Amino acid sequence: MKAIRRFTVRPVLPEPLRPLSDLARNLRWSWHTETRDLFQAVDPAGWRAAGGDPVRLLGSVSASRLAELAGDQPFLHRLAAAAAELDDYLHGRRWYQTHSGTSGDGGPEFPAAVAYFSPEFGVTAALPQYSGGLGILAGDHLKAASDLGVPLIGVGLLYRHGYFRQSLSRDGWQLEHYPVLDPNELPVTLVREQDGTPARVSLALPGGGSLRAHIWVAHVGRVPLLMLDSDVEENGLGERDVTDRLYGGGSEHRLLQEMLLGIGGVRAVRTYCRLTGHPEPEVFHTNEGHAGFLGLERIRELGQGAEHGGRELDFEAALEAVRAGTVFTTHTPVPAGIDRFDRELVARHFGEHAELPEVPVEKILQLGMETYPGGEPNLFNMAVMGLRLAQRANGVSTLHGAVSRGMFAGLWPGFDAEEVPITSVTNGVHAPTWVAPEVFRLGARQIGAGRADDALSVGDTGPWDAVADIPDADIWGLRRELREQLVTEVRRRVRASWRQRGADGAELGWVDTVLDPDVLTIGFARRVPSYKRLTLMLRDRDRLMELLLHPTRPVQIVVAGKAHPADDGGKRLVQELVRFADDPRVRHRIVFLPDYGMAMAQKLYPGCDVWLNNPLRPLEACGTSGMKAALNGCLNLSVLDGWWDEWFEPDFGWAIPTADGAATDDDRRDDLEAAALYELIENRVAPRFYDRGDQGLPSRWIEMVRRTLTTLGPKVLAGRMVREYVERLYAPAARAHRAMGAETARELAAWKRRVRTSWPRVAVDHVEALEQPASEGTAELGATLGLRVRVALGDLEPDDVEVQAVAGRVDSDDAIADAQTFPLKPASGPDLEGRWVYEGPLALDRTGPFGYTVRILPAHRLLAASADLGLVALPTEATGEGAGVLMR
C-alpha cells in the first residue's frame, strides 16, 4: 500500500545532546573530519545506512541510544569541543576580515556582502542539487568563501527531484530515476517571517497568475545558501512543478526557472537580509547566464528609488548602476552550451501584463539580442544579456578566457579579441572536501593539524613545501592504502550494479577479482557530452586489451559518468563503454560505475594513480576533476586544455598531443590522439609506475607525486580562486558600486547617449610621422618616433575620448600582434573645421617587422575598460597611406 500523505517525525534530543542538531544543520560537517567522526560515533551502523548524512542519522537513532549518549561523559566532552570549535569558526576573524583595508574614498576595500547566484550547488551528497562541474564549482566557491570569511550569500533553486539517479539495463543502456526529495529530510530550514509564517517571493505570470516560492536556507559554514521552492500549495499544478528537476522540462519551463532564480533570487536576498540583519550585497555575481535576470530586478528596484533614497532612475541610469556592481562568469566554450529563448516567449513573460511591468519590454529584449555577424535575431541569449548587465566578466581558465573573448568578440566590434573585456580566474577546488582524511593526516603529522588546515583552506605555499620531507615509504604506503580502499569500494558498487541489472548473486563470484590494489589504476569520471570523448580509449580495442592484460605492467581503469537524459548519443557512448567492460576477458581490469556523484568521487579521486582527461581542445573550460585527484597525489594524463594547458609541467604529469590541424577530420584526429594515449601509457606511464628500486619503491613516480603536491597543490585550491575573485573582481565592483550614486549614474548614462549619438562623426583624418626612419623602411631599436594625428570629434570634447597609437610586431598581412598602446595628447584645435591635432612619441622597443596604427576610443573615469561601449574609430586606408609599417 502507498501512503496518501507524507510527513517527517523529528527526533527529540535529550538536552545534553542538543548541540548535535546545530552541528547537523550546518553543512560544515561535510568537510570537517572531526565532526563527521563524532556523528559516526553516535551509531556506526546507522551512519553507514544514512549515507553519512547527520540529519538522516538523527532521524533514525533509537531513543535508548540517545539516552545512553546523554550520560556518556567522554562523548559529551567531544560534543562540547566540536560545538565550541564550530562557534569559533563561524564568528572568528578570518582572511577576509584581516585583509580588508580601506579604499581611496575611506570606505572598506572589500564589499560588505556578495550575492552569488547559480542554478546548481554541489555542497554535499546529502543535498543533491547538482548535475556536474558547474554545481560542484559553485559548492566549492561557497565553502572556500566560508573558510576565508567572505560575507557571501548563495542563491539557487531547491529541486524536489534534484538531478537524476543513474542505473544500467542488462544490455548497458542508461536508465534514469528521479527520487522525491522532502526538504524536511534535508539539512535545510524554512525562512520564516517574524510572525512565524513562511517567507515567500512571488513573480507575476502572463494572464494575471502568480508564481510563488518559499525560501529554504542551508548553512554552508558561515555562508547562507538560499534556495527557492515553487512547491507551494497556493500555486497551480504547473507553477508547483517549476522547481521539479534540474535542467528539466521544455523552453518555457526553463525560462520560468531562470526568472525565479534571477528575479525571485534578488527578492529572496532582500527578504533574508531584512529578517536576519545580514548586510545587503554590494556585488552580485552570476555563475553562468542562468541567473542573468537578476540584473532586471535590480533595474526595477532602482526605477522605484531603491538604494537611492527614493530618487528614481530611468532605465539607462539604472542599467549603469546595476552594471557597476555585477560580475558575470561564463563557463561554456561553445555557443551551443548557452541558454537561448524565443524572443516572443521572453516578451510574453515581461511587460505590462506580466513580470517587471515597470521595465520597458523592448529594453529587456535588446539586452539579449545577438547583434553580431552570425547572430540569430529571433533568439534571446542569456550569456549576451549577462555580459551586457555586468561591468566585469571572466572565463574559468586562462585558455577559456581567450576562447570566450573570441566567442563574444562580436559584441565589441572594431576591437581585437585580445581586448574584449573578459578576463579569467582559473577555477579551484575545495581541498578539505576532496582531500582524503588519510592524506590530511599524513600532512598533519609532518607540519601539525593547524598548519595543514590553513594550507588546504587559504593556500599558503610554505606548508606545501614540507611534503618534500615525507619519506618515500610513507608516500607509497599511503598510495597503496588508498588504492586498496578504492578496490573495495569498486567491488561493492559493481556487485550492486549487476544486481540492479538483474544478475543473481550466484553468478557474481567474479566480482571478488575485480581490480587489484597493486596494479596501476587510471580514473576517468565526468559528464558524458560528446566533446569529453568517453570512448576515445576504445578506438583500438585490441591495443587497449594489451595494456589491460600486460603480463608485467598491467593497467586497470575505473570509469564513471552520466549522459544527459535527453542525449541519446551520450547514452550510446555509455553503453559502448559498458559493453566493453562486461567482456569476461577484461572485466577484472576495467569497470564502469553507474550513478557518478560526490559520494563516489570522494573515494575515486584518492584511489587512482593517474587521472585521465581527453576532451576536444579547447572545449574544456577548466575541468576541475583532475585538480581534486592531484590534491591526493594522483598524476594527470590529459589533453592540454582548461587548467592543464595553464599549469602542465612534465614533473607532475603527461600531456596527450592534440591533432588539431585544419586538414584533420574528426575520425583521423581521434585515431591519432588515441594512438598517442596508448603510446604514453605503454611506454612512459606504466614503466615509471612499475620501475622499482632496491627497496621496492618507484622513486621517480614518488617524486612526481611530491611535485604534484608541492607545485600544483597551492594553485588548484578554491581558496586561491576565491581570493582572486575578491581582489580582482569583487573589490573593484564594490568600489564602482559605491561610486555610482544616483547623480553619477544619470551623468554616465547621459554621457554614453551623447557619445553614441556623436560617434558617427568621430574620425581619424590624417596620420603623419614627424621624423622619418633612418633609411627607407627601417629604424633602429630604441629610437623614438614622433606622431602627429588630426582627428574629427564631432560634438565631443577631448575629455570624452582617448587618442592612442597602437604598435607592435606585424605579420605578412600587417596585422599587429602583442600590441602596446601609447597615448597621444591634444596639441592644438579645434580648427575652423572642428578638427583637433594630437601628438606623442612612439617607442620602437622591438626588433623585426614592426608597425603601428592610430585609434580613438571613448574615455570616462567610470568606464571599467576602454572597449566598454564597443566603439572605436580607426584610420581609413587613405588616411594611413604611407604611414604605419616601419620595419619589415
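Start by selecting strand E2, residues 152-157, in this predicted model. Show the side chains and look at which way each residue faces: Leu152, Gly154 and Gly156 point one way from E2, while Ile153, Val155 and Leu157 point the other way. Are the residues on these two faces buried or exposed? Both sets are buried. Six of the six residues of E2 are buried, so the strand is largely enclosed by the rest of the structure.

Keep E2 on screen and add strand E1, residues 114-117. The two strands run parallel, and four bridges join them. To pick out one of these pairings, click on phenylalanine 117: its bridge partner in E2 is valine 155. Val155 is also one of the residues you have just seen pointing to the same side as Ile153 and Leu157.

Next, go to the backbone of leucine 515, in the loop between helix H21 (472-500) and strand E15 (520-525). What is phi here? For leucine 515 the angle is near 65°, a positive value in a residue other than glycine. Switch on a surface and you will find that leucine 515 counts as buried, because its relative accessibility is 2%, with the cut-off for buried set at under 20%.

Now follow the chain past E15 to arginine 533, which sits in the loop between E15 and helix H22 (541-548). Here too is a positive phi in a residue other than glycine, this one near 55°. Arginine 533 counts as buried at 6% relative accessibility.

Two cis peptide bonds make good next stops. Select arginine 617 and proline 618: the bond joining them is cis, with omega about 5°. Proline 618 belongs to the loop between strand E18 (610-613) and helix H25 (625-630). Then move to glycine 829 and proline 830, where the peptide bond is cis with omega near 0°. The loop holding proline 830 lies between strand E24 (816-828) and strand E25 (835-843).

Finish on the surface. Which residues form a negative patch? Select Glu34, Asp37, Asp453 and Asp454 together to see it. Helix H2 (33-42) and helix H19 (449-457) are the elements that give two or more residues to this patch. Zoom in on aspartate 37, which is in helix H2. With a relative accessible area of 35%, aspartate 37 is partly exposed, whereas the residues of E2, where the tour began, are buried.

Key. Residues numbered from 1 in each chain as written. Predicted model: local features only at pLDDT ≥ 70, side-chain atom pairs only at ≥ 80, totals over all residues. Heavy atoms only, no water. Patch = residues over 30% accessible without salt bridge, like charges linked within 9 Å, V, L, I, M, F, W, Y side chains within 5 Å. Areas by Shrake-Rupley, 256 points an atom, 1.4 Å probe, with all protein chains shown as cover. Salt bridge = Lys/Arg side-chain N within 4 Å of Asp/Glu carboxyl O. Lys, Arg positive; Asp, Glu negative; His and termini not counted. Charge placed at Lys NZ, Arg CZ, Asp CG, Glu CD. Buried < 20%, exposed > 50% of the residue type's maximum accessible area, 1.4 Å probe, protein only. Pairing = 2+ DSSP bridges.
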